[in-house]
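Trainee: I would love a close look at one part of this model, with whatever surroundings help to place it. Please take your time over it.

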Amino acid sequence: MTEDKGLILLIEDEPQMRRFLRITLQGYGHRLVEAVTGQEGLTQVATRNPDVVLLDLGLPDIDGLEVTARLREWSQVPVIVLSAREQEEDKIKALDAGADDYLTKPFSAGELLARIRVALRHKAMQQSGSEESEFILDNLRVDIVKRQVFIDDGEIHLTPIEYRLLSILIKHAGKVITHRQLLKEVWGAAYVNQNHYLRIYMGQLRHKLEADPARPRFFINEPGVGYRLRIDIEKK
């Protein structure tokens, strides 16, 4: 018997895509609920309490961006946007509206399943409470109470801004955080267009915390969109 790996709500109006995702998700052990309109999807979230929502942007009644915004008024369920829209602006709008991740069609089953695993892990981290005193990711350890950072038990000194940036990424670990979101949270609303600040300080974090800054494992750049702190890292 296949292990139950959670309830997924799919909000998608394209029959072929629904069939592909139904086979993929159920074969992997997920239970699946389907909705073909945005309004039906919102109702299903309220009544079924899914673990993850997969949301198409091009719905027949309500645009997926509006669905996400409405949903975020009362629910923090992880939302992964699935869309044929490839423009960076569309990805940014979806993430700023409250989506947790974004996949551009066509995508592989393996990539989707990996993103779902990350969303479920992030949800579990949130539900464990915000009072966690320590964050551990492979050989990176952050003592949140003492504001100390370690790599392989050796303490790494971070500047106040570097630590603030790291703490925001930890708070949203696994999620893509847009440039504007990071700039606003770290430097303030007046700095939301200063993308060069992020390039400089993310570069400094990588040099201090990555084994190979040119091939980062922790701090992943989503070109034109933002950054994510990976939590789907295999132990060495």
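What does Phe-20 count as, judged by its relative accessibility?

Mentor: Happy to, and please keep in mind that this is a predicted model. Phe-20 has a relative accessibility of 32%, so it counts as partly exposed; the band for that label lies between 20% and 50%. The residue belongs to helix α1, which covers residues 15-27.

Now turn to its partner, Phe-107. The model contains five aromatic pairs, and in one of them the ring centres of Phe-20 and Phe-107 are 6.4 Å apart, with the planes at 55°, so this pair is tilted. An angle over 60 degrees would be needed for edge-to-face. Phe-107 sits in the loop between β5 (101-104) and α5 (109-127), so the two rings tie together parts that are 87 residues apart in sequence. Phe-107 has a relative accessibility of 10% and therefore counts as buried, whereas Phe-20 is partly exposed.

Other rings are worth a look too. Trp-187, Tyr-191, Tyr-197 and Tyr-201 are linked into a cluster by ring pairs. Elsewhere, rings meet charges: Lys-5 places its charged end over the ring of Tyr-28, 3.6 Å from the centre, and Arg-141 does likewise over the ring of Phe-150, at 4.2 Å from the centre.

That second contact leads us to a sheet. Strand β7 (residues 140-143) and strand β8 (residues 148-151) are antiparallel and share four bridges, with Val-142 opposite Val-149 in β8. Both strands belong to an open sheet of four, ordered β6-β7-β8-β9 and paired in the antiparallel sense. Its edges are β6 (134-137) and β9 (154-156), each of which pairs on one side only. On average, neighbouring strands here are turned by 25° against each other, direction ignored.

Strand β12 (residues 226-229) makes a good companion study. In a regular strand, side chains alternate between the two faces of the sheet. In β12 both faces are covered: Gly-226 and Arg-228 are buried on one side, and Tyr-227 and Leu-229 are buried on the other. As for its pairing, β12 runs antiparallel to β11 (residues 219-222), joined to it by four bridges, and Phe-219 stands opposite Leu-229. Three residues separate the strands of this hairpin, and Gly-224 takes a positive phi near 75° there. β12 is also joined to β10 (residues 176-178) through three bridges, again antiparallel, and Gly-226 is the bridge partner of Thr-178.

Thr-178 then points us to another helix. Its C-alpha atom is 9.4 Å from that of Lys-93, although the two residues are 85 apart along the chain. Lys-93 lies in helix α4 (residues 88-97) and, with a relative accessible area of 41%, it is partly exposed.

To finish with helices, look at α2 (residues 38-48) and α3 (residues 64-71), whose axes come within 10 Å and cross at roughly 25°. The two are therefore roughly parallel to each other, as angles under 35 degrees count that way. Their crossing is right-handed.

Notes: Residues numbered from 1 in each chain as written. Predicted model: local features only at pLDDT ≥ 70, side-chain atom pairs only at ≥ 80, totals over all residues. Heavy atoms only, no water. Buried < 20%, exposed > 50% of the residue type's maximum accessible area, 1.4 Å probe, protein only. Pairing = 2+ DSSP bridges. Phe/Tyr/Trp six-rings, centres within 6.5 Å; stacked < 30°, edge-to-face > 60°. Lys NZ or Arg CZ within 6 Å of the ring centre and 35° of its normal. Axes fitted to C-alpha atoms, helices over the stretch in contact; angles between N-to-C directions. Parallel < 35°, antiparallel > 145°, perpendicular 65-115°, else oblique. Left-handed = near helix turned anticlockwise from the far one by under 90°.
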